[in-house]
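Trainee: I'd like to learn how to read side-chain contacts in a model. Could you walk me through one?

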Amino acid sequence: MTSESKPESSPYFGAYLGAGLPRTVKALGLTSFLQDVASEMVYPLLPAFLLALGGGPAMLGAMESISEGVNAALKGAAGRWSDRLGRRKPFVSVGYGLSAAARPVLAILTAGWQVVALRAADRVAKGLRTAPRDALIAEAVPAEQRAYAFSFHQGLDHLGAAVGPLLAALILFFVPGRVRLVFALATVPAFLGWLTVQLTTHDAPRTRPAEPRAAKGGGSLPRRLRLPLVAFLLFSLGNASDAFLLLRAAQLGVSALGLALLWSGFHVIKWLASAPAGRLADRQGPRQQILFGWAIYAASYVGFAWVTSAPAVVALFALYALYYGLTEGAERALVLRLAGTELGAGSSLGAFHLSTGLGAFVASLLFGLVWQTWSPAAAFSLGAVFAVLGAGLLAFASGKSSAAPEPA
């Protein structure tokens, strides 16, 4: 553990610089920043690119569903494998490396099914790295600082996601319509992200001899964790890919350049909310903050169901961004708190990512089918219902699950 464990002593804006956090967390944050610059140069343009190759809402839903299914399965397995091996970095390194290798391939695809296949391959890479990376972060900080560490990392991820669309917009401004060129140039930050993790990140020394069974990946889920994981699964059944938000904006007349700028601003708000929200969750407890974030999610989806103008879409994107800042670090911190010392960090975080990923696997396919069969309003309304049901179950679990003692 690092001795830098007093974020309260730093100025408020120090949270955005990782004040009090160790080098490992900052390095992984920089890696995620660069990787998301690459990803988000591509992502806001992908739905329209798929449509241009003959796809539609159903194919978009199938693409995101298949991708999330592959991602979820590997997240759960990779976390447990990293516990058994006692090493995290190989999974993180290979995951970022595969993502970097996939970027230039997108520029030469000519059919919708090829886009679906490449998107699935990219999610394989993400699945390999996510839980082991989160375990690296958890092991680098004390328990009372975890929500802040996770939120700082996610904040840099979002900042990269803000920069990526701006770079894409800049390229499209000078060479209008050259979407494939944007895809090819996204290789550069992706490679730099992989290089960063190679040069700066190392596995944490094993300093907890009290957890040999967990470190080997043994043990079952603690009972107090099971119902909250079901709540996460239920919520995620309505948590369809954000690609549908971009498709909704495009339907209401937002141009390709406008989509890139909208997506950038969306991630700026997520970045601004993340680190301060993580500190707040560490101080006041993560569960209530998660419930508040899920309520914002439900309200946003109701808005997307009935919105009729581009300016209203912009306002809804801003509201929806707050959900991410409030919940991402808090969710991981709550899972680790409930898991206690009975399960390795990789296994417990892998179980969390598996439950949310399985829900997302169904969510995007269901959302796309409901959109195409009935209407966008029906699809977004269904997502809001699942969010309310998930929040209700998590609130119920508060009375059923006693808080676990914090790991040392």
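Mentor: Sure. This is a predicted model. Let's begin with burial: Arg-88 and Asp-83 are both buried. They also form a salt bridge, with the closest N and O atoms 2.7 Å apart.

Trainee: Which other side chain meets Arg-88 in a salt bridge?

Mentor: Glu-139 does, at 2.4 Å from N to O. This pair links distant parts of the chain, 51 residues apart: Glu-139 is in helix 5 (residues 112-140), while Arg-88 is in the loop between helix 3 (57-85) and helix 4 (89-106). Glu-139 is buried, as is Arg-88.

Trainee: How many salt bridges are there by this rule?

Mentor: The count comes to six. Another one of them brings together the side chains of Asp-122 and Arg-103, at 3.5 Å from N to O. Here too the pair links distant parts of the chain, with Asp-122 in helix 5 and Arg-103 in helix 4, 19 residues apart.

Trainee: Why does Arg-103 count as buried?

Mentor: Look at the relative accessibility and the cut-off: buried means under 20%. Arg-103 has 9% relative accessibility, so Arg-103 counts as buried. Asp-122 is buried as well, with a relative accessible area of 5%.

Trainee: And which residues are joined into one network by salt bridges that share partners?

Mentor: Those are Asp-83, Arg-88 and Glu-139.

Trainee: Let's move to rings. What describes a pair of aromatic rings?

Mentor: Two things: the distance of the centres and the angle of the planes. A search of the whole structure finds 28 aromatic pairs here. Among them is Phe-173 with Phe-174, at 5.2 Å centre to centre and 85° between the planes, an edge-to-face pair.

Trainee: Are Phe-173 and Phe-174 buried or exposed?

Mentor: Exposed means over 50% relative accessible area. Phe-173 has 56% relative accessibility, so Phe-173 counts as exposed. Phe-174 has 60%, and therefore counts as exposed too.

Trainee: Why is the pair of Phe-232 and Trp-294 edge-to-face?

Mentor: Because the planes are at 80°, with the ring centres 5.7 Å apart; the cut-off for edge-to-face is over 60 degrees. Phe-232 lies in helix 10 (residues 223-236) and Trp-294 in helix 13 (residues 286-306), so the pair ties together parts that are 62 residues apart in sequence. As for burial, Phe-232 is buried with a relative accessible area of 2%, and Trp-294 is buried with 1%.

Trainee: Rings can have charges over them too. What sits over the ring of Tyr-324?

Mentor: That's the charged end of Lys-270, 3.9 Å from the ring centre. There's also Arg-279, which lies over the face of Tyr-148 at 4.8 Å from the ring centre.

Trainee: Last topic, the surface. Which residues form a nonpolar patch there?

Mentor: Val-188, Phe-191, Leu-192, Leu-195 and Leu-199 form one, with about 450 Å² of accessible area together. Take Leu-192 as an example: this residue lies in helix 8 (residues 187-200).

Trainee: How do I read the 39% relative accessibility of Leu-192?

Mentor: Use the cut-offs again: buried is under 20%, exposed is over 50%, and partly exposed is in between. At 39%, Leu-192 therefore counts as partly exposed.

Note on methods: Residues numbered from 1 in each chain as written. Predicted model: local features only at pLDDT ≥ 70, side-chain atom pairs only at ≥ 80, totals over all residues. Heavy atoms only, no water. Salt bridge = Lys/Arg side-chain N within 4 Å of Asp/Glu carboxyl O. Buried < 20%, exposed > 50% of the residue type's maximum accessible area, 1.4 Å probe, protein only. Helix = DSSP H or I, 4+ residues; strand = E, 2+ residues; numbered from the N terminus. Phe/Tyr/Trp six-rings, centres within 6.5 Å; stacked < 30°, edge-to-face > 60°. Lys NZ or Arg CZ within 6 Å of the ring centre and 35° of its normal. Patch = residues over 30% accessible without salt bridge, like charges linked within 9 Å, V, L, I, M, F, W, Y side chains within 5 Å. Areas by Shrake-Rupley, 256 points an atom, 1.4 Å probe, with all protein chains shown as cover.
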